[in-house]
Amino acid sequence: MTIQWFPGHMAKAKRQVIEKIKLIDIVFELVDARIPASSRNPMVDEMISNKPRLILLNKADMADPSKTKEWIDYFQQRGDRAIPIDSQSGKGMKQIVAISKEMLQDKFDKMRQKGVKPRPIRAVIVGIPNVGKSTLINRLAKKKIAQTGDRPGITKAQQWIKVGKELELLDTPGILWPKFEDEAVGLKLATTGAIKDTILNLQDITVYALRFLSNQYPDRLKDRYNLQEIHDDIVITFDEIGKRRGCIMAGGIIDYDKVSELVLREIRSEKLGPLTFESPAEYE
């Protein structure tokens, strides 16, 4: 299954970021802590040139804490600062400005030495859809400025937003890349809700999700759906979940579409606990 989603406003947003990057001091790259590699857009490197970058692992409360620590170490070993945050609760918000000032100290010291009047840090937030950019902006600004929603593709235009006296943010729409070279990347993005369900085959996505849970979090899968054992045949797992949750059509036939909707909804709403769908070891 090939998953692709690149609406026109995303292509435009990419061009706009490239055009305005010269105005930017630092880039906030927002990723999903559950899929820190798959939720990174490979076009970002091209877009931001050599600007300093702070990687924000958002939705860290939904991710496996031990895996999040591994990812922070992984990014830092490669020269990128990374911190876990939760834009919903506000966890980690104070670190963003503090670390930005630290990363930009040399630049602003040189500006002061040249007699340039101090000004706020100018940052751009880049990230894929539904990773939480609008919620983060509203949390930083301490008021509702950016439109939020649980559907990808809410932000459609760029805007400058003042955050106190120390920070100015350039918001951008979420940008996915035109084609996922690795099918697993598309499956992970779809499982966590970064791609609109309406353009997907949910059964294919759920097959991936159940196989992942069977391998990495089997006890949680068994506990959540009262399964006696994990079967190699994924159809048996579908059937057992369908029977236990009443996803049954006339004649006692399991409704696989309903099972798929149920499992994905419960993964995304943390009914199976905090989950991380990839580890740095896969990318070493």
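Glu270, at 32% relative accessibility, counts as partly exposed, because that value falls between the 20% under which a residue is called buried and the 50% over which it is called exposed. In this predicted model, Glu270 lies in the segment that follows helix H11, residues 256–268, and its phi is near 65 degrees, a positive value in a residue other than glycine. Lys59 also has a positive phi, of about 60 degrees, although it is not a glycine. Its place is in the loop that leads from strand S2 (53–58) to helix H3 (65–77), and with a relative accessible area of 15% Lys59 is buried.

From these two residues one can step back to the chain as a whole, which has eleven helices and six strands. Of its 284 residues, 52% count as buried, and the chain exposes about 14000 Å², of which carbon and sulfur atoms supply 47%. If one takes the contacts in the chain with a separation of 6 or more, residues 24 or more positions apart account for 68% of them.

The strands come next. Six strands form an open sheet in the order S3-S2-S1-S4-S6-S5, and their pairing is mixed. Strand S3 (81–84) and strand S5 (159–163) stand at the edges, and each has a single partner strand, so one side of each is left without a neighbour in the sheet. On average, and with direction ignored, neighbouring strands of this sheet are turned by 25 degrees against each other. At the S3 edge, strands S2 and S3 run parallel and are joined by four bridges; Ile55 has Ala82 in S3 as its bridge partner.

Strand S2 can also be approached from a helix. Ser100 lies in helix H4, which covers residues 93–103, and at 1% relative accessibility Ser100 counts as buried, because buried means under 20% relative accessible area. Leaving aside neighbours within four places in sequence, Ser100 is in contact with Ile26, Phe28, Leu54 and Ile121.

Further along the chain, helices H8 and H10 can be read side by side. H8 has 15 residues and reaches 21 Å from its first C-alpha to its last, close to the 21 Å expected at 1.5 Å a residue. Asn201 caps the N-terminal end of H8, where a side-chain oxygen lies 3.1 Å from the backbone nitrogen of Gln203. The buried residues of H8 include Leu202, Ile205, Tyr208, Leu210, Phe212 and Leu213, with Thr206 and Ser214 also among them, and what covers the buried residues of this helix includes helix H7 (183–192), H9, H10 and H11.

Helix H10, residues 234–245, has twelve residues and reaches 17 Å from its first C-alpha to its last, close to the 16 Å expected at 1.5 Å a residue. At its start, a side-chain oxygen of Asp233 reaches to within 3.0 Å of the backbone nitrogen of Val235, and just after the helix Gly246 takes a positive phi of about 75 degrees. Within H10, the buried residues include Ile234, Phe238 and Ile241, and Asp239 and Glu240 are buried as well. The cover over the buried residues of H10 includes helix H8 (202–216), helix H9 (218–225) and H11, while H10 is in turn part of what covers the buried residues of H8.

Notes. Residues numbered from 1 in each chain as written. Predicted model: local features only at pLDDT ≥ 70, side-chain atom pairs only at ≥ 80, totals over all residues. Heavy atoms only, no water. Buried < 20%, exposed > 50% of the residue type's maximum accessible area, 1.4 Å probe, protein only. Contact = heavy atoms within 4.5 Å. Pairing = 2+ DSSP bridges. Axes fitted to C-alpha atoms, helices over the stretch in contact; angles between N-to-C directions. Expected span 1.5 Å × (residues − 1). Polar contact = N/O pair within 3.5 Å; in protein donor to acceptor, adjacent residues only side chain to side chain. Areas by Shrake-Rupley, 256 points an atom, 1.4 Å probe, with all protein chains shown as cover.
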